[in-house]
Amino acid sequence: MNNNLLWIFISACLVNNFTLYYFLGLCPFFGVSGRLKTAFRLGLATIFVMVITSLCASFLNAFILPHAPYLKLISFIVVIASTVQFVEMVIKKISPALFRALGIFLPLITTNCAILYLALTQVKQDYNVLEGLIFAVGAGVGFTIALVLMAGIREEAEISTVPAVIKGTALNMIIAGLLSLAFMGFAGLFSAA
Amino acid sequence: MNQAKHPSQLYAEFIKGIWKENPVFVAVLGMCPMLAVTNSAINGLAMGAATTFVLVCSSLLVSSLRKFIPKQVRITTYIIIIASFVTIVDYVLKAAFPGTHKDLGAFIQLIVVNCLILGRQEAFASRNTPIKALMDALGMSIGFTFALFCLGATREILGNGSIFDISLFGDNFEPWVIMILPPGGFLMLGMILLFFNWLQQRKQHKLQARAREVMS
């Protein structure tokens with residue numbers, strides 16, 4: 001594994017896009033991608049939670065986990081849940097409209113597997129604090145890109161005529177499949193590295 | 001939704017998760033692990049077994065403790081209960097089946113955030129007796145495992161020309177490599193959902209036709 005910071009960023013963001021390559025965070029990916037604006041803001045909220053989680057995971061990994069490795073999952077999930085609670089309160093205070101638009105998907109960031117996966121991978125790869133941060137930002141940006149692309153396509157798909165039988169989740173799945181196919185093209189970016 | 005009131009309806013709680021309310025094909029829950037690990041039939045089954053254990057144990061525990069869990073912190077409590085069982089599965093798999101554990105990678109640990117499990121705790125186990133919760137959890141897990149197996153088997157057959165590592169078509173078969181790569185997961189699940197929609201639509205048309213016949 002090349003520990004170059006740029007490589008970590010590009011890899012998390014495009015080549016191994018969390019959503020389209022690892023199938024992480026699919027619930028918000030399909031749930032919130034109806035409207036472009038909401039999708040973008042949920043993306044930002046997710047980036048924020050990811051960055052905080054990454055910092056906390058580095059801290060836990062350095063001080064707590066060497067003494068109690070079996071607490072890894074539990075401690076990570078508690079950190080994530082509290083961060084999400086915090087973000088929820090902030091958004092509710094700053095922008096009640098956005099709070100309503102995100103609805104159930106805001107607390108559900110807790111069960112966004114992308115975030116737990118981020119923390120686990122970061123510990124597994126032994127990233128230091130800086131590398132972890134870059135990794136988190138890259139993953140968050142990648143998630144946001146996927147979400148926004150999907151929302152854009154879905155807004156278009158809504159006004160076009162499709163057979164009734166394919167409407168809904170089936171159509172979204174196939175769109176996601178094509179997007180994922182497109183993202184596989186990025187695998188060529190760093191073939192030399 | 002079936003509201004079972006007496007023991008004779010336990011069977012209904014059990015059976016609904018397998019087909020009528022299948023968590024994957026009908027409710028579209030728990031997609032993240034299911035798309036990621038289903039590039040072969042055996043991985044699908046292993047993931048299904050792990051999820052079954054976690055779902056059944058946590059449903060039992062949550063429904064037994066449902067009177068003691070304060071409402072405000074219930075989600076956190078559920079998550080911690082689930083995380084404990086996942087830790088057990090993770091360590092057991094690592095010791096007993098290191099190969100499978102490596103194949104599934106982080107996705108065993110990600111069972112914690114499988115929305116299917118948390119959803120069942122919130123929607124069912126926290127409101128029902130342990131025995132009913134057990135039936136519900138068993139039904140849902142079998143439905144989930146069945147879906148994982150279907151997806152894994154079709155992807156392995158098309159993408160690798162084999163099932164359970166047994167070659168099916170001989171040497172002349174050109175495997176659809178795309179099916180075992182990530183996009184194949186999305187496409188295949190899309191196709192399966194399409195098929196389910198089609199079944200449902202056909203059923204509706206039949207019902208309407210019959211209603212018209214009765215009317216005339």
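Accessible area here comes from the Shrake-Rupley method with a 1.4 Å probe. By that reckoning chain A exposes about 8700 Å², and carbon and sulfur atoms supply 68% of that area. One caution before going on: this is a predicted model.

Let me start with chain A as a whole. Chain A has eight helices and zero strands, so-called pattern α-α-α-α-α-α-α-α when read along the sequence. Its C-alpha trace spans about 60 × 45 × 25 Å along the principal axes. Is that in line with a globule? What radius of gyration would a compact globule of 193 residues have? Near 16 Å, and chain A has 17 Å, which agrees.

Inside chain A, buried residues make up 51% of the 193 residues. Take the contacts between residues at least 6 apart in sequence: 76% of them join residues at least 24 apart.

Now one helix, α8 of chain A. Helix α8 covers residues 169-184, which is 16 residues. From its first C-alpha to its last it reaches 22 Å, close to the 22 Å expected at 1.5 Å a residue. Which residues of α8(A) are buried? Among them are A:L171, A:I174, A:I175, A:L179 and A:F183. An α-helix has 3.6 residues a turn, so residues three or four places apart point the same way. The buried list of α8(A) also includes A:A170, A:N172 and A:M173.

What covers the buried residues of α8(A)? From chain A, the cover includes α1 (5-15), α2 (26-31) and α7 (129-159). From chain B, it includes α2 (31-37) and α8 (182-215).

That brings us to the contact between the two chains. It takes 36 residues from chain A and 34 residues from chain B. Together the chains bury about 3100 Å² between them, with 84% of it on carbon and sulfur atoms. On the chain B side, B:C32, B:V113 and B:F186 supply 21% of the area that chain B buries against chain A, more than any other three residues.

Last, the cysteines. How many disulfides are there over all chains? The count comes to zero. Take A:C13 as a case. The closest cysteine sulfur to that of A:C13 is in A:C113, and it is 18 Å away, which is too far for a bond. The cut-off for a disulfide is 2.5 Å between the sulfur atoms. As for exposure, A:C13 counts as buried because its relative accessibility is 5%, whereas B:C150 counts as partly exposed because its value is 24%. The dividing point between buried and partly exposed is 20%.

How values were computed:
Residues are numbered from 1 along each chain as its sequence is written. Chains are lettered from A and ligands numbered from 1 in the order in which they are written. This is a predicted model: local features need pLDDT of at least 70, side-chain atom pairs count only at pLDDT 80 or more; totals for chains, interfaces and linings use all residues. Side-chain values use heavy atoms; hydrogens and water are left out. Helices (H or I, at least four residues) and strands (E, at least two) are DSSP runs, numbered from the N terminus. The expected span of a helix is 1.5 Å times one less than its number of residues. Buried means under 20% relative accessible area, exposed over 50%, partly exposed in between (1.4 Å probe, protein chains only). Contact means heavy atoms within 4.5 Å. The radius of gyration is taken over C-alpha atoms; the globule rule is 2.2 Å times the number of residues to the power 0.38. Buried area is the accessible area (1.4 Å probe) that two parts lose on being put together, summed over both.
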